[in-house]
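Open the model in your viewer and keep the selection tool at hand. This tour goes stop by stop.

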Amino acid sequence: MNTSSEKKDSNKTKPSSAILIDEPIRMQPAHVRIPHHFLFSLISTICLCPATGLIALAYSIKSSAKADVNFHDKARRYSRYALIWNIISVIFVIALTIFTVFVYYGTDKMKTVYFDPTYYQQRYSDVHKSIKSMMKT
């Protein structure tokens, strides 16, 4: 009799809700969208300033590559660098445009003042009159 009761106890296993896994659980990270500023960098390279635009384009491509292999921290850093270089490119072009406008209008004004023959005639006649008036006295 003992044998039959032992068999019944050994065959009974308690149901368990716990699942034992021998390997680590690999969870898929949530998809993180990192702006790479590729189009902005491309426009910056072609239209604005090629020097700073190429630097921004390189950082943009690096950011995209790092995001593809799930190095999100580096991808964010490279994306920020790309944006900074794009902003530098825009500021450089705006400053260069303002400088060019001032130089053009400044030289245009200087040209009318210093290289205009009527200016020299007026100046010569003023100086000549003042010399004559000094000689008479």
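How many disulfides does a search of the whole structure find? Zero. Keep in mind that this is a predicted model.

**Stop 1: the cysteines.** Select Cys47 and Cys49. Cys47 is exposed because its relative accessibility is 56%, over the 50% cut-off. Cys49 is buried, since its relative accessible area of 10% falls under 20%.

**Stop 2: the annotated spans.** Now select residues 38-61, then residues 82-105. An unreviewed UniProt entry lists both under "transmembrane region". Check the backbone of each. Residues 38-61 are 96% helix and 0% strand. Put a distance label on the end C-alpha atoms of that span: they are 7 Å apart. Do likewise for residues 82-105, where the end C-alpha atoms lie 35 Å apart. That span is 100% helix, with 0% strand.

**Stop 3: the helices in the 38-61 span.** Colour helix H2, residues 38-48. Then colour helix H3, residues 50-68.

**Stop 4: a nonpolar patch.** Show the surface and select Phe38, Leu39, Leu42, Ile43, Ile46 and Ile61. Together they make a nonpolar surface patch of about 580 Å². Which helix gives the most to this patch? Helix H2 does, with five residues.

**Stop 5: Ile61.** Finish on this patch member. Ile61 sits in helix H3. Is Ile61 buried, partly exposed or exposed? Ile61 is partly exposed, because its relative accessible area of 47% lies between the 20% and 50% cut-offs.

Methods: Residues are numbered from 1 along each chain as its sequence is written. This is a predicted model: local features need pLDDT of at least 70, side-chain atom pairs count only at pLDDT 80 or more; totals for chains, interfaces and linings use all residues. Side-chain values use heavy atoms; hydrogens and water are left out. UniProt positions are given in the numbering used here, feature names are shortened, and annotations may be inferred rather than shown by experiment. Helices (H or I, at least four residues) and strands (E, at least two) are DSSP runs, numbered from the N terminus. A disulfide is a pair of cysteine sulfur atoms within 2.5 Å. Buried means under 20% relative accessible area, exposed over 50%, partly exposed in between (1.4 Å probe, protein chains only). Patches are made of residues with over 30% relative accessible area and no salt bridge: like charges are joined within 9 Å, nonpolar side chains (Val, Leu, Ile, Met, Phe, Trp, Tyr) within 5 Å. Accessible areas come from the Shrake-Rupley method with a 1.4 Å probe; for residues, only the protein chains shown count as cover. A salt bridge is a side-chain nitrogen of Lys or Arg within 4 Å of a carboxyl oxygen of Asp or Glu.
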